[in-house]
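Visitor: I'm new to this structure and would like a close look at one part of it. Could you take me through the place where the ligands sit, and then show me what else is worth a glance?

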Amino acid sequence: MRVLASAPAKIILFGEHSVVYGKPAIAAAIDLRTYVWAEFNKNGRIRIEAKDIKIPGLTVSFSESEIYFETDYGKAAEVLSYVREAINLVLEEAGKQKGVTVSITSQIPVGAGLGSSAAVAVATIGAVSKLLGLELTKEEVAKLGHKTELLVQGASSGIDPTVSAIGGFLYYEKGTFEELPAIELPIVVGYTGSSGSTKELVAKVRRSFEEMPDIITPILNSMGKVVEKAKEVILADYDKEIKFQLLGQLMNINHGLLDALGVSTKSLSDLVYASREAGALGAKITGAGGGGCMYALAPGKQSEVATAIKIAGGMPMITKISREGLRIEEVEE
Ligand SMILES: Nc1ncnc2c1ncn2[C@@H]1O[C@H](COP(=O)(O)OP(=O)(O)O)[C@@H](O)[C@H]1O
Ligand SMILES: C[C@@](O)(CCOP(=O)(O)O)CC(=O)O
Ligand SMILES: [Mg+2]
């Protein structure tokens, strides 16, 4: 039997990092997906075929009769830690120890703030649980995805695996979520081409918080207030233009607060300011930062903002919100 599952990427519209400290956040699934095949194998091992992961350098030594390959096996093992932990959690949940092979292909850039870690964990959990005959709800998959991120990152709010499992447009706070009415958000995502490690960036904010709690706490509190105001605006019956103006203003404030936490970079800020100068109503980092992606709210200006992002050295992506979260694509008996 073989099972194919997929899960979407996400953008955090407001509240990244502060959501780790129990504040709310708003995120949406977008139409880039990770696909995972799962099947049993006979050797009793966990086998992971990660087709998109680049190995960290390779040394080959050979003689007449022998050839040896060497790479940074520690880094290679680390890069597969989300998948490995996800599989172990499902095997534990099913109370089975079986040889499982997973094969992964993904449309989501790694370390770009689009939740590639959560999407790969959720799709792996979806495929392996289905293979083992475990009928998990999307909420149960999200919880196992959150556990996976906690095991690998040390800290995780759970918003990424929740949005990836459930899909759509969610208001998330301390492990619970509510679905927000889908509003057509004319956004442009800008990818810097560099990546940031969520584990390292979350740890960096944690260090600042522990060293200067009186300074960091008010920043996190303000971020929480920004998100509450954004939810109020999204739910209000203002006309679209007013909503977009207010949301753009809140995005810019959120970006400044993230900059104060030290998670922005020059390339991210270059794309943010280029977008604003090209007419975006708001632009901010999305995800952990340290590289990765930003996004801009650009009603009627998506192509101008996309061009400005390209001129500023970024890669623009015009994406849509995906209603669908985890999807079992195929079951081959
Ligand atoms: N296609 C993939 N195959 C295997 N592991 C992946 C894949 N995509 C992402 N990952 C895992 O997720 C990590 C990136 O997660 P993270 O640092 O949270 O960045 P983000 O979630 O913003 O993409 C990668 O280093 C790797 O461990
Ligand atoms: C920084 C954070 O708020 C979001 C991380 O998003 P990503 O891994 O960069 O896609 C961490 C979390 O919420 O678990
Ligand atoms: Mg991540």
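Guide: Happy to. Let's start at ligand 2, where an oxygen atom of the ligand is 3.0 Å from an N or O atom in the side chain of Lys-10. Keep in mind that this is a predicted model.

Lys-10 has company. Gly-115 brings a backbone N or O atom to 2.9 Å from an oxygen atom of ligand 2, and Thr-198 places a polar side-chain atom 2.6 Å from an oxygen atom of that ligand. How much of ligand 2 does the protein bury? Taken alone, ligand 2 exposes 380 Å², and the protein buries 97% of that.

Which elements give two or more residues to the shell around ligand 2? They are β1 (2-14), α5 (159-166) and α6 (198-211). In total, 17 residues surround the ligand, and the closest are His-17, Gly-115, Ser-157, Thr-198 and Ala-288. Sorted by class, the shell around ligand 2 has seven nonpolar, seven polar and three charged residues. Domain 1 (2-179) and domain 2 (187-317) each supply at least three residues to the shell around ligand 2.

Let's pause at His-17, one of the closest residues to ligand 2. You'll find His-17 in the loop between β1 and β2 (25-40). Is His-17 buried or exposed? With a relative accessibility of 4%, His-17 counts as buried, because buried means under 20%. Its backbone is worth a look too: phi of His-17 is near 70 degrees, a positive value in a residue other than glycine.

Now over to ligand 1. Thr-198 turns up here as well, with a polar side-chain atom 2.8 Å from an oxygen atom of ligand 1. A polar side-chain atom of Ser-117 lies 3.1 Å from an oxygen atom of ligand 1. From the backbone, Val-79 offers a polar atom that is 2.6 Å from an oxygen atom of ligand 1. On its own, ligand 1 has 570 Å² of accessible area, and the protein covers 92% of it.

As for secondary structure, α2 (81-94), β6 (100-106) and α3 (116-131) are the elements that give two or more residues to the shell around ligand 1. Which element gives the most? That is α3, with three residues. There are 20 residues around ligand 1, and Val-79, Gly-111, Gly-113, Ser-116 and Thr-198 come nearest. By class, the shell around ligand 1 holds nine nonpolar, 10 polar and one charged residues.

Why does ligand 1 lie between domain 1 and domain 2? Domain 1 (2-179) and domain 2 (187-317) both give residues to the shell around ligand 1, so the ligand lies between them.

While we're talking about domain 2, which runs over 187-317, have a look at strand β11, residues 293-297. Five of the five residues in β11 are buried. In a regular strand, the side chains alternate between the two faces of the sheet. In β11, Cys-293, Tyr-295 and Leu-297 are on one side, Met-294 and Ala-296 are on the other, and all are buried, so both faces are covered.

What pairs with β11? Strand β9 (residues 187-191) is joined to β11 by five bridges, and the two run antiparallel. In that pairing, Ile-187 stands opposite Leu-297. Strand β10 (residues 282-286) also pairs with β11 in the antiparallel sense, over five bridges, and Thr-286 has Cys-293 as its bridge partner. β10 and β11 form a hairpin with six residues between them. Gly-287, in the turn, has a positive phi of about 95 degrees.

Two loop residues can round off the visit. Lys-174 lies in the loop between β7 (169-173) and β8 (176-179), and its phi is near 45 degrees, a positive value in a residue other than glycine. Lys-174 has a relative accessible area of 64%, so it is exposed, the cut-off being over 50%.

The other is Asp-239, found in the loop between α7 (213-235) and α8 (240-260). Asp-239 counts as partly exposed, at 43% relative accessibility. Its C-alpha atom is separated by 56 Å from that of Gln-97, and the two residues are 142 residues apart along the chain.

Notes:
Residues are numbered from 1 along each chain as its sequence is written. Chains are lettered from A and ligands numbered from 1 in the order in which they are written. This is a predicted model: local features need pLDDT of at least 70, side-chain atom pairs count only at pLDDT 80 or more; totals for chains, interfaces and linings use all residues. Side-chain values use heavy atoms; hydrogens and water are left out. A residue is near a molecule or strand if one of its heavy atoms lies within 4 Å of it. A polar contact is a pair of N or O atoms within 3.5 Å; within protein, one must be able to donate a hydrogen and the other to accept it, and residues adjacent in sequence count only if both atoms are side-chain atoms. Accessible areas come from the Shrake-Rupley method with a 1.4 Å probe; for residues, only the protein chains shown count as cover. Helices (H or I, at least four residues) and strands (E, at least two) are DSSP runs, numbered from the N terminus. Ala, Val, Leu, Ile, Met, Phe, Trp, Tyr, Cys and Pro count as nonpolar, Asp, Glu, Lys and Arg as charged, and the others, Gly among them, as polar. Domain bounds come from an automatic or database domain assignment. Buried means under 20% relative accessible area, exposed over 50%, partly exposed in between (1.4 Å probe, protein chains only). Two strands pair if DSSP finds at least two bridges between them.
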